[in-house]
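Please look over the sequence and the model below before reading on. The report then takes up the chain, its sheet, its core and its charged pairs.

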Amino acid sequence: VQLQASGGGLVQAGGSLRLSCAASGSVFGIGNLGWYRQAPGTQRELVAVISYGGSTNYPDSAKGRFTISRDRKTVYLQMNDLRPEDTGVYYCYYNPPGRSEYWGQGTQVTVSS
């Protein structure tokens, strides 16, 4: 499975972006899908995860603003009310049970104040 992330860009504070991560070569089966972000000089942090059954989880910083969703071949991250601290490179991942994780190449999100 190869993952291709897209949808990043430059947006003003308070704006919205929708990230997409498409699977090529296969479809998403059982396993979690999620998004991490990494700002310069910081560790990668989880911003959203969705299970095969559709259960979602967000850190407090993303609750009420970010929404993750999935279909057979794509995972999405709808980001509303963006803040400058949301700036970073966003990576999607797929974690099938009993197998190695798959990661997308990252898409840059920049939020200006």
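The text goes from the whole chain to single residues.

This is a predicted model, in which local features need pLDDT of at least 70 and side-chain atom pairs count only at pLDDT 80 or more, while totals for chains, interfaces and linings use all residues. Residues are numbered from 1 along each chain as its sequence is written, and side-chain values use heavy atoms, with hydrogens and water left out.

**The chain**

The protein chain has eleven strands and zero helices. Both kinds of element are DSSP runs numbered from the N terminus: helices are H or I with at least four residues, strands are E with at least two. The radius of gyration is 13 Å, which agrees with the value near 13 Å for a compact globule of 113 residues. This radius is taken over C-alpha atoms, and the globule rule is 2.2 Å times the number of residues to the power 0.38. Along its principal axes, the C-alpha trace spans about 40 × 25 × 20 Å.

Of the 113 residues, 40% are buried. Buried means under 20% relative accessible area, exposed means over 50%, and partly exposed lies in between (1.4 Å probe, protein chains only). Among contacts with a separation of 6 or more, 53% come from residues 24 or more positions apart; contact means heavy atoms within 4.5 Å.

**The sheet**

Strands of a sheet pair through backbone hydrogen bonds, either parallel or antiparallel. Here, four strands form an open sheet in the order 1-3-8-7, with antiparallel pairing. Two strands count as paired if DSSP finds at least two bridges between them. Strand 1 (2–6) and strand 7 (66–70) are the edge strands, each pairing on one side only. Inside the sheet, strand 3 (residues 17–24) pairs with strand 8 (residues 74–79) in the antiparallel sense over six bridges. A22 stands opposite T74 in strand 8.

After strand 8 comes a loop leading to strand 9 (88–95), and D81 has its place there. Phi of D81 is near 50°, a positive value in a residue other than glycine. D81 counts as partly exposed because its relative accessibility is 40%.

**The core**

A nonpolar core is a set of buried Ala, Val, Leu, Ile, Met, Phe, Trp, Tyr and Cys residues joined through side-chain atoms within 4.5 Å. The largest one holds 26 residues, of which W35, F66, I68, V75, L77, M79 and Y90 touch the most other members. Strand 3 gives the most to this core, with four residues.

**The salt bridges**

Side chains of opposite charge can pair when their charged atoms come close. A salt bridge is a side-chain nitrogen of Lys or Arg within 4 Å of a carboxyl oxygen of Asp or Glu. By this rule there are four salt bridges, and the table gives three of them.

| Pair | N to O distance |
|---|---|
| R37 and E45 | 2.8 Å |
| K63 and D60 | 3.3 Å |
| R65 and D86 | 2.8 Å |

R65 and D86 link distant parts of the chain, 21 residues apart: R65 is in the loop between strand 6 (56–57) and strand 7, D86 in the loop between strand 8 and strand 9. Both R65 and D86 are buried. Shared partners join R37, E45, R65 and D86 into one network of salt bridges. R37 counts as buried because its relative accessible area is 6%, whereas E45 is partly exposed at 37%. In the remaining tabulated pair, K63 is partly exposed at 48% and D60 is exposed at 65%.
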